[in-house]
Amino acid sequence: MSLYESALRNVIWPAYEGGLRRRDTPRHMRRYESDQWLSRERIEALQFERLQALLEWCYREVPYYRERWTALGIAPRDIRSLVDFAQLPVLTKADIRNHADDLKATSLKSGLGYKATGGSTGEPLRFGFTRESNDRRVAVMWRGYGWAGSRMGRRTLFLWGGPVGNPSASHQLKDRLYNAVFARKLLNSFQMTETNLAEYADAIDAYRPEVIVSYVGPLVRLAEWLLANNRRVASPASIIGAAEALHPFQREIIERAFGAPAFNTYGCREFMLIASECEHRDGLHVNADHLVVETLDANGQPIHQGSGEIAITDLFNYGMPFIRYINGDMATRASAKPCPCGRGLPMLASVDGRKLDAIRTPAGHVLPGEFFPHMLKDVPGLTRFQLVQRRLDRLDLSIVRGEAFNDQSLDYIRHEVAKVLGSSAELHCHFVDDIPLTRSGKLRVTVSELTS
């Protein structure tokens with residue numbers, strides 16, 4: 001750690017954040033840094049203690065939960081374990097839109113801050129949060145990113161979505177000062193095209209970051225260009241993929257192009273960082289001292305094997321609590337085997353994409369979004385792809401092919417899909433020159449457009 005990094009983390013930032021702005025983020029950071037080394041059993045006990053306190057609060061202060069739980073004959077004193085907790089109803093985006101005011105704690109609603117999700121499903125969501133919960137989220141983010149080497153004050157390049165609208169001059173000045181103090185540089189991924197990728201490579205060479213943090217889609221696109229053009233850039237110490245799942249085939253492309261290890265993270269706007277990889281990169285540690293993360297089967301029951309729908313509870317957002325919130329993502333839990341790093345935080349084996357992008361067929365097959373990236377990773381010459389389902393009995397696979405792609409590559413794809421789906425759905429392959437990113441700068445590799 002450099003002298004500046006040490007001074008920023010231990011003197012400058014605590015004085016600014018804790019003294020000038022009167023935020024508790026530095027204190028929360030110290031506590032989270034310590035708690036990660038507790039045993040798994042102690043973390044589980046701490047998590048449940050915090051959960052019980054939140055449930056008691058919701059019953060007293062949040063009309064939505066009090067009315068709904070009372071109607072079901074459930075009181076917080078009945079919740080004595082996570083098995084009991086799983087009997088509480090889940091919270092959906094529709095519930096939040098229809099009951100937003102009743103989801104706010106009566107005594108805290110006047111002091112809430114607000115954010116909105118990006119609306120990748122076409123329906124943005126506005127939610128409230130307390131100052132403490134936001135301070136804690138920032139602390140948890142620094143902890144998780146720190147496992148990948150992203151320390152405060154370390155030269156970091158963000159390949160990220162740029163500002164929208166017309167930010168004021170004072171806002172732009174504030175951003176420039178913040179980025180200078182924290183040794184950050186932003187490259188706007190929204191402006192990336194096939195014709196300006198060399199400019200992004202030049203910017204990386206000019207800045208020489210120690211860490212790159214990026215949306216996965218734009219980073220993969222840049223990595224493919226670097227490899228295709230035999231272009232080398234200044235290698236960072238580590239790369240962090242954020243805002244979307246990092247599939248194994250994408251990790252391999254990124255690491256080959258940049259000559260640095262790539263780390264997977266999982267988060268969403270409603271909670272910020274949910275889970276992230278440590279130095280061993282064999283699964284993602286869940287921030288279980290800050291959240292409760294469940295995986296549910298098709299009937300809404302908790303499962304510990306296979307891919308399940310994620311339900312999340314924020315243990316510290318007392319202003320507008322989300323209890324067992326379904327955010328539309330899928331994940332697979334890891335075994336209970338402890339990680340060699342020694343942290344007691346439980347793990348996810350993988351984040352499997354959005355539930356809406358699971359592939360279904362008339363025969364009843366349900367394939368998680370991860371299936372096609374996993375199956376296609378070994379196809380020679382396949383540069384980029386996107387699987388889209390618009391009808392139950394048809395799948396459309398768009399393929400950007402390289403020189404090594406041939407008839408055998410296509411036969412392999414058809415054979416592997418037929419092994420899983422049989423004749424219940426037709427696979428149509430299309431060769432394309434490019435696959436565009438979404439408006440938010442991401443690459444969706446599996447897309448379901450089925451409405452029901």
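This report describes a four-stranded sheet, the cysteines, one arginine, the aromatic pairs and two residues with positive phi in a predicted model.

**The sheet around β16**

Four strands make up an open sheet of mixed pairing, and their order across the sheet is β18-β17-β16-β19. At the edges are β18, covering 426-431, and β19, covering 446-448, each of which pairs on one side only. From one strand to the next, the twist averages 20°. Helix α13, made of residues 407-421, packs on this sheet and touches β16, β17 and β18, while its direction makes an angle of about 155° with that of β18.

Strand β16 (residues 382-391) and strand β17 (residues 394-401) run antiparallel and are joined by seven bridges, and the hairpin that leads from β16 to β17 passes through two residues. Among the bridge partners, Arg384 is matched with Val400 in β17, and Leu382 is matched with Arg401, also in β17. With β19, in contrast to the antiparallel arrangement with β17, strand β16 pairs in the parallel sense, over three bridges; in that pairing Gln389 has Ser448 of β19 as its bridge partner. Strand β16 is mostly covered, seven of its ten residues being buried.

**Cysteines without disulfides**

The number of disulfides in the structure is zero. Cys268 is accordingly in no disulfide, and the nearest cysteine sulfur, which belongs to Cys58, is 18 Å away. Cys268 itself counts as buried, because its relative accessibility is 15% and the limit for burial is under 20%.

Cys341 presents another case: its sulfur is 3.5 Å from the closest cysteine sulfur, that of Cys339, and this is too far for a bond, because a disulfide requires the two sulfur atoms to be within 2.5 Å. Cys341 is buried as well, with a relative accessible area of 11%.

**Arg343 and its surroundings**

Arg343 is placed in the loop between β12, which spans 325-333, and β13, which spans 347-354. Although it sits in a loop, Arg343 is buried, its relative accessible area being 9%. Its side chain makes a polar contact of 2.7 Å with the side chain of Gln36. When neighbours within four places in sequence are left aside, the residues in contact with Arg343 are Gln36, Trp37, Trp147, Cys278, Glu279 and His285; Gln36 therefore appears both in this list and as the polar partner of the arginine side chain, within the cut-off of 3.5 Å used for such contacts.

**Aromatic pairs**

The count of aromatic pairs comes to 13. One of them is formed by Trp160 and Tyr215, whose rings are tilted, with 4.6 Å from centre to centre and 35° between the planes. Trp160 belongs to strand β3 (residues 156-160) and Tyr215 to strand β5 (residues 211-215), so that the pair ties together parts lying 55 residues apart in sequence. As for accessibility, Trp160 counts as partly exposed, at 26%, whereas Tyr215 is buried, with a relative accessible area of 9%. Elsewhere, ring pairs link Phe127, Phe271, Phe322 and Tyr325 into a cluster.

**Two positive phi values**

Asn230, which is not a glycine, has a positive phi of about 50°, and it lies in the loop between α10 (216-228) and β6 (238-242). Arg324 likewise has a positive phi in a residue other than glycine, with a value near 60°, and its place is the loop between β11 (307-314) and β12. In accessibility, Asn230 is exposed at 69%, whereas Arg324 is buried at 1%.

**Accessibility of the residues discussed**

The following table collects the relative accessible areas of the individual residues described above.

| Residue | Relative accessible area | State |
|---|---|---|
| Cys268 | 15% | buried |
| Cys341 | 11% | buried |
| Arg343 | 9% | buried |
| Trp160 | 26% | partly exposed |
| Tyr215 | 9% | buried |
| Asn230 | 69% | exposed |
| Arg324 | 1% | buried |

Conventions
Residues are numbered from 1 along each chain as its sequence is written. This is a predicted model: local features need pLDDT of at least 70, side-chain atom pairs count only at pLDDT 80 or more; totals for chains, interfaces and linings use all residues. Side-chain values use heavy atoms; hydrogens and water are left out. Buried means under 20% relative accessible area, exposed over 50%, partly exposed in between (1.4 Å probe, protein chains only). Two strands pair if DSSP finds at least two bridges between them. Axes are lines fitted to C-alpha atoms, for helices over the stretch in contact, and angles run from 0 to 180 degrees between N-to-C directions. Contact means heavy atoms within 4.5 Å. A polar contact is a pair of N or O atoms within 3.5 Å; within protein, one must be able to donate a hydrogen and the other to accept it, and residues adjacent in sequence count only if both atoms are side-chain atoms. Rings of Phe, Tyr and Trp (its six-membered ring) pair if their centres lie within 6.5 Å; planes under 30 degrees apart count as stacked, over 60 as edge-to-face and the rest as tilted.
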